Amino acid sequence: MGERFVVVPVYTRKTSGKEEERSGSTGAHPALDTGESRCSVPGTAAENEQLEDSVFEPTVPILEYNREPNKYGDGVPKENSPFINNSENDKNNYDGTNMALFEEEMDRHPMVSSLLDKLANYTNLSQGALEHEEADEESSKKKTVKSPQMGTFMGVYLPCLQNILGVILFLRLTWIVGTAGILESLAIVGLCCSCTMLTAISMSAVATNGVVPAGGSYYMISRSLGPEFGGAVGLCFYLGTTFAGAMYILGTIEILLTYIVPQAAIFTAERKEDELSALLNNMRIYGTLCLSLMAIVVFVGVKYVNKLALVFLACVILSIISIYAGVIKSSFDPPDFPVCMLGNRTLRNLRFDKCLKTEIVNNTTVSTQLWRLFCDGPALNSTCNEYFVNNNLTLIQGIPGLASGVISENMWSAYGPLGMLVENKRLPSVGGIDPAKDIYLPYVVNDISTFFTLLVGIYFPSVTGIMAGSNRSGDLRDAQKSIPIGTILAIATTSFIYVTGVIFFGACIEGVLLRDKFGDSVKRNLVIGTLSWPSPWVIVIGSFFSCCGAGLQSLTGAPRLLQAIARDGIVPFLQVFGHGKANGEPTWALLLTTGICEIGILIASLDAVAPILSMFFLMCYMFVNLACAVQTLLRTPNWRPRFKYYHWTLSFLGMSLCLSIMFISSWYYAIIAMGIAGCIYKYIEYRGAEKEWGDGIRGLSLNAARYALIRLEEAPPHTKNWRPQLLVLLNLDSDQCVKHPRLLSLTTQLKAGKGLTIVGNVLQGTYLSHEAEAKKAEQNIKSAMATERTKGFCHVVVSSNLRDGISHLIQSAGLGGMKHNTVLVGWPGTWRQSEDPQSWRNFIEIVRETTAAHLAMLVPKNVDSFPTNKDRLEEGTIDVWWVVHDGGMLMLLPFLLRQHKVWEKCKMRIFTVAQMDDNSIQMKKDLQMFLYHLRLDAEVEVVEMHDNDISAFTYEKTLVMEQRSQMLKQMQLSRTEREREIQSITDESRNSIRRKNQGATENSNVSRQSSTAEDIQEDEAQLIHDKNTAAHAAMNNKEEVGTDRVHMTWTKDKVSTERNRTREANANMAVRDMFNMKPEWESLNQSNVRRMHTAVKLNEIVVNKSQGAHLVLLNMPGPPRNRGGDENYMEFLEVLLEGLNRVLLVRGGGREVITIYS
């Protein structure tokens, strides 16, 4: 491959992608082969001038030399890119004719050769954490990235061995064998090792399903189960690793103060009962000092910790070899570690040198040091403990050897409470008078209460560490091959060590010595050390360095894990811990880790800390198994692990084992750990950054949704399950912003997060030309939905015309059984002034289509006056005017609104209208009973609406409406003809008004006498038409008229006069006279007159009763079957709603939506 020179301009700040594209070229040139350097920064003069004027001040370009192409990215994998080492600044500069057919797509679809080159040169080395020396070298020259060279043995197997084998093996396994017995110990080991083996199988499948960058288990879980589970389990794994560091430090201090330099203890106990508290205080002091020292070492240089890892591992291996050597030697030459027994009780061999009550010195019998511990003086006639007097002293071998047959005695458990004496039941014993004082004597006793589940929790940390190989995936030559083989072999090896260790310890060591946790009966020797060969110090020193190394590894790994979680941005309050030193060291994360680790140090007891970290590790392993099981069952196309020896049943078994061990070892710790994980999960869900990682939980949700949708489509929902599933039709302005956000507020208040909400909008045009606008509109709608807390989906459609687009939304929005059953659309408030008649025609067509589709419809008028979600309405009413039965929607909607905080203080009132022939008293009783059965609390009122004769006012309203309609139909004529036509219509209307005024004056005296309290409160009824209404024209005549403004006004006196006239005793004669006097009225469409009469009368009643209500719900009349009267329909609705502030028109979908049955 040819050598290349690359010109890289350096800027003081990071430039945009477009400027970087201009800034340099990586194309090869023939002159380079001859040694000539012909480098330039391409770009036009305008572009260069633009760069010079920008805030990015270019310096002298740097000439770099590189033999490998496509290596200028940052090396960090982009998960959403087809390139593994993708860089946004990497552009494929194409120069040639062989692929000219694809040259226009080279920026989006690169050449296969380029892709393969990036794949071949992929590295998943973790970026950022450099040592000080390396950072200095990096600043002087660009280092060549070395490809990973570690294989299975060095990269996975040995690190896993080092992490699995540790403090529990050396300090607690013998005590577990002695307490639980060989059989139950094997059950504990088998249970825990089976759990980790099943987890390793699942982990191997997940780890080999694609490239796993450095990050280990957190990366696998988060990318498999999503950011919520990933963050929760990742933090649990972090806490587990941190407490593991505390456990290793406590193990280090226990070895130091108990077996190496016990005289270094700061706190000493004068009495035996104070020894435990003194030991814990010493552990706290020295543990804090050790933690501080280790934190400083990690802060100064991690590479020293990594280099010492092999030394620590060598100590572990040497110690284990010495144990097996001691087992073999004990079969023919057991070591001499005698245990002094008083009766059948084990004595602490700390303050005496001979296991004798008396001895003969110079032919004189004298008391021994042991005598003084049980008697009140050295004299032979001193008062001694009764048990001491009645029982003999016996020396038994602590290590009888492999061939001794002691295995049969250690087969069974010996659990006991705190303070129970460690006894050998085979030896004779005569009890004393006061056994309560025995705990103050030098006997070996239980320092804690022991039982099977406790031992499971203490032992489980000894099998953790199986993630060490996956955490080092960036250092492996072939991670997908090494991780499964190395991890499973390491678990198999350690399981073999633990199983054989349980058997050999039970077969070689006396039971009382096994139960002696700290080796007090053998002069504070480490119990496992007494079995080793050539010396107990091999185990003591080896275990000390092993615990030190494990503690340093925990303090090194835990901050990096926290830094990875913080940099993912899924937990906002942790983002500060994503920062560190200039070389990437996680300084803040190290400080937090040290603080949490100090909590474990202050607990001070290794036996108390072990179950805590067991919980966190078990949760991590449980979710690894869950990730594998979910991915296997979903059979997602991307689930193609190279490791084939897995099955979802094994994963579920492993998950069940993890959960069982959590509750077996400590149910209260398990609940606390799960509570912590649950809180983190909910926090990430509600406050965390949204991430799309293609996780399995999302796939599981899709499968569940598909299943639910199929079930929903099998049958329509029952009336009891009916709730409004809304399709909200929004209007956007020219900037694609929502015009009426209160429509979304009403949706939120009506839905309260339940059911389906689809927010739709239609853009006019073609999708290819309006793709960007559609995306912008969708983003703006989603933003408005988030602001108004509307939970649902957004659907933006681009159509050649708005009518078809809205029709498509109504027909096709939703999926399967999850479709809308209600359409929510705002009232076209400016339909009279709009230049485009389609504004109201579209509205009427929506009404018709929802009716045809058997959908309910909600139309709020004056929607901008509706309350926001932050408002809290004071006590008021929601008035329901139930005129016609619509399936019960008018009853259901107020109930749903009152579930929201905005409307919860409002009371519900229901009005219904009684005709002349109806029994209003019985109607009220029936309605009250109906509401009682519906379990709705509401006031009921029946309003009587008498069948009065049609008033002159109604006729005039109808006349004005039809005249306006006639005028609108002339809008297609020529301009001059349109002006004449409007003038003619205006003159005729004014003459008609004058004639009516004259008739009203003549009858004014009689009208006053018959006036009632039902006079309407409106001052005038007027029709205003200005030049903006020219676009409402429809084809009718041949002339064109102008756009002059026309006013047709009724005065208040005239209105009162004409309304009162209808109530005269001779009303019928007066109406006939008016028809004779006014031929314009005779020509009116009587159907329109009747509809206008209904609108006027109903409006009068509604305004009178509900003008002060917070909300009025009213049946919405249907549009006329004849499309020629559409504009009249809009007038009817305007008259019906006149004088009301907040109105919600409701039109049922043709089915019952509320029921009295349970």
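This passage describes one sheet and the helices packed around it in a predicted model.

The sheet is open and has ten strands. Their order is β10-β9-β8-β11-β12-β19-β18-β13-β14-β15, and the pairing is mixed. Strands β10 (793-799) and β15 (939-944) form the edges, each pairing on one side only. From one strand to the next, the twist averages 20 degrees.

Strands β8 (residues 726-729) and β11 (residues 822-825) run parallel and are joined by four bridges. Leu-729 has Val-825 in β11 as its bridge partner. Two helices lie across this part of the sheet. Helix α25 (residues 742-751) crosses β8, β9 (757-764), β11, β12 (856-861) and β19 (1143-1147). Its direction is at about 170 degrees to β8. Helix α28 (residues 838-852) lies across β8, β11, β12 and β19. Relative to β12, helix α28 runs at about 150 degrees.

Further along the sheet order stands β14 (residues 907-914). This strand is mostly covered, with seven of its eight residues buried. Strand β13 (residues 877-882) runs parallel to β14, and six bridges join the two. Within this pair, Asp-879 stands opposite Arg-909 in β14. The chain passes from β13 to β14 through helix α29 (residues 889-897), in a right-handed β-α-β crossover.

Six bridges also join β14 to β15, again in parallel. Thr-912 has Val-942 in β15 as its bridge partner. Helix α30 (residues 920-933) carries the chain from β14 to β15, and this β-α-β crossover is right-handed. Strand β15 is an edge of the sheet.

Definitions and conventions
Residues are numbered from 1 along each chain as its sequence is written. This is a predicted model: local features need pLDDT of at least 70, side-chain atom pairs count only at pLDDT 80 or more; totals for chains, interfaces and linings use all residues. Side-chain values use heavy atoms; hydrogens and water are left out. Two strands pair if DSSP finds at least two bridges between them. Axes are lines fitted to C-alpha atoms, for helices over the stretch in contact, and angles run from 0 to 180 degrees between N-to-C directions. Contact means heavy atoms within 4.5 Å. Buried means under 20% relative accessible area, exposed over 50%, partly exposed in between (1.4 Å probe, protein chains only). A crossover is right-handed if, with the strands pointing away from the viewer, the path from the first strand over the helix to the second runs clockwise.
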